[in-house]
Amino acid sequence: LSNQKFRDFSARHGGEVGIMTGDVTINPGAALVIMTTEIYRNTLLEDAGRLARYAWIIFDEIHYLDDPERGTVWEEAILFTPPHINLLALSATVPNVAELADWIRAVHHRPVEVVEENQRPVPLIVLFQCQNAIFDNPQQLKARGYLNQENWRFMRHRRATGHRFAVHPNRLDRLIRDLAEQDRLPCIFFTFGRRRTEEIAWELSGYSLLKPEERAKLGALFEELCARYQITHDRSVEALRRLLDAGVGFHHAGMLPTVKEVLERCFTSRLMKVIVTTETFALGVNMPARSVVLDTLTKRGDSGFELLRRRDFLQMAGRAGRRGMDAEGFVYVRVNPTHVTYPEVMHLLQANPEPVHSRFNTAYATLLNLYRRHGRGLLDIFPKTLYYAQTSGARRQQGLSLMERKLDLLASLGYVTRTGLTPKGEFGSWVYGYELLLTELYTRDRLTSLDAVSLAVLLVSLVYEPRPRAGTAKPHHLSKRLAELCREPLARIHKEEARCTISPRTKAPAYHLSHAMEAWMAQAPFERITRLCDVDEGELVRYFRMSVQLLRQLAEMPVNDPALRATAEQARRRINRDVIDAEAQLRLG
């Protein structure tokens with residue numbers, strides 16, 4: 001979404017637009033800068049003076065305050081915004097907007113206006129596919145889909161009028177026929193698994209959805225974009241050519257970013273009729289679609305399959321019907337009555353979205369930056385948090401206690417003293433997310449002893465998050481040496497975290513991508529390194545780009561050893577080439 005907004009605003013304002021994300025920095029001193037919330041928060045803590053000339057900060061999708069992983073960053077970004085910057089917060093799915101406004105008023109001592117629009121510019125019509133029939137209202141769904149039985153969960157059959165009644169599977173041909181005959185294409189088809197997106201796309205490719213002239217135009221656009229992004233001969237492109245010939249594509253996080261970019265452009269043209277995608281598409285690029293299909297109303301969670309949240313349903317359904325293009329938007333909900341009850345379906349259609357709750361859990365680097373300015377007086381910031389505003393009693397005390405215990409840990413490990421930050425603390429204040437282990441390695445001269453390849457392998461092992469059931473990493477000479485290097489410092493960190501009852505504890509390196517990173521640093525082609533690990537292409541690019549971000553932090557931090565800065569810069573340059581170079585992709589247009 002950042003890239004798309006950079007292109008949109010650049011087309012209108014030219015060189016007055018810049019972008020700063022973990023992957024890309026272009027024209028950072030521009031009058032209008034698109035940046036991630038992490039970059040903005042870090043700037044506020046490290047050098048807020050760089051923002052002196054800016055008058056507004058716009059937070060798009062403000063409900064990210066409720067995100068378990070990133071919510072803290074959003075809360076801190078609002079909390080530390082200086083008085084001269086006005087705030088504009090946007091969302092389509094925040095029911096407790098008045099509560100958030102009250103919090104910002106209290107924190108910033110400034111007036112806050114709440115602007116609510118309840119009338120959707122393009123009306124939405126919800127339809128249901130159930131028992132392989134299409135129903136255009138909830139009453140039909142209940143009467144004919146559920147046979148007026150509200151709860152069929154876990155039941156294969158149901159007696160009705162003296163006969164055994166079987167559940168008829170929802171077939172794709174019935175659905176796509178209705179979409180085509182009713183002139184309700186193009187369509188975004190949401191599902192909840194990468195493999196499932198590809199399976200559905202290939203099944204849909206059996207139905208030709210394009211007129212001959214559309215097929216020719218789409219094919220020409222696809223080839224032109226593949227040539228621009230230099231992926232004409234990529235192994236995944238040939239398969240996509242066959243899909244696009246039918247007007248169909250798929251899109252998920254496991255794909256190369258350049259391939260996803262090409263598919264997004266093709267869909268934006270409205271020549272592609274169906275794109276099958278995972279739910280992250282609902283939070284990303286702005287794609288025009290007349291219709292949206294939800295493949296199912298349940299998704300896998302921590303404790304098995306769970307009903308979608310109302311907020312997630314609204315995000316996906318909201319992609320149907322584009323202003324200025326469609327008079328109406330259509331949402332097709334595929335319902336299996338043995339998986340969801342009728343009341344659950346109605347809840348997703350009619351309930352308020354879930355309230356936004358604080359996820360405040362300040363990172364060590366944030367505490368170090370605040371300690372530099374305020375000492376233990378930084379604890380006075382806690383009553384200004386959204387977490388404090390939304391809690392009371394024991395829960396509120398738990399939040400404050402966690403901050404105090406983290407400060408105690410930083411003191412016990414030698415990052416802070418009564419008078420301020422130690423050299424360890426200064427180093428750790430620059431390395432968000434990986435501050436403790438990297439700092440411990442640095443102060444023991446273990447980071448500075450690494451060459452560029454070893455440093456790159458260590459960092460990709462820090463950022464990599466193995467999937468459940470991923471298994472252990474393959475044996476690798478370099479990762480064995482690095483594991484031994486990290487063993488004692490990590491054990492000390494975990495011991496202190498256990499003593500201070502801090503969880504989750506600092507993540508241990510996972511060396512599953514060691515072979516791939518070593519080969520990439522030796523200039524191996526990307527196609528070869530994908531065979532050296534068990535992750536999808538898109539995931540591999542993501543983790544390598546995260547390594548580049550971390551190397552950039554090490555190369556640019558002013559308190560770092562000059563030799564380590566040089567090694568980090570060398571490693572960054574060697575990784576950041578071809579498909580890994582996000583900035584090159586953006587410059588290609």
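**Exercise 1. Determine whether Cys533 is buried or exposed, and do likewise for Cys486.**

Solution. In this predicted model, Cys533 has a relative accessible area of 10%. Buried means under 20%, so Cys533 is buried. For Cys486 the relative accessible area is 2%, so Cys486 is buried too. As for disulfides, the structure holds zero.

**Exercise 2. Place strand β12 among its partner strands and describe its side chains.**

Solution. Step one is the pairing with β10 (residues 187-190): four bridges join β10 to β12, and the two run parallel. Within this pair, Ile188 is opposite Ile275 of β12.

Step two is the pairing with β11 (residues 248-251), which is also parallel to β12 and joined to β12 by four bridges. Here Val248 faces Val274 of β12. From β11 the chain passes through helix α10 (residues 257-268) before reaching β12, a β-α-β crossover that is right-handed.

Step three concerns the side chains of β12 (residues 274-277): Val274 and Val276 point one way, Ile275 and Thr277 the other. Residues on both sides are buried.

**Exercise 3. Describe the second largest pocket by its volume and its lining.**

Solution. Start with the volume, which is about 440 Å³. Next, count the lining: 22 residues, with Tyr229, Gln230, Ile231, Asp578 and Val579 nearest the centre of the pocket. Sorted by class, the lining has 10 nonpolar, seven charged and five polar residues. Finally, look at the helices: α21 (526-529) and α24 (582-587) each contribute at least two lining residues.

How values were computed:
Residues numbered from 1 in each chain as written. Predicted model: local features only at pLDDT ≥ 70, side-chain atom pairs only at ≥ 80, totals over all residues. Heavy atoms only, no water. Disulfide = S-S within 2.5 Å. Buried < 20%, exposed > 50% of the residue type's maximum accessible area, 1.4 Å probe, protein only. Pairing = 2+ DSSP bridges. Right-handed = clockwise from strand over helix to strand, strands pointing away. 1 Å grid on protein atoms, 1.4 Å probe; cavity = no way out; pocket = protein on both sides within 12 Å on 5 of 7 lines; lining within 4 Å. Points joined across faces, edges and corners; volume = space filled by probe spheres on them. Nonpolar A, V, L, I, M, F, W, Y, C, P; charged D, E, K, R; others polar.
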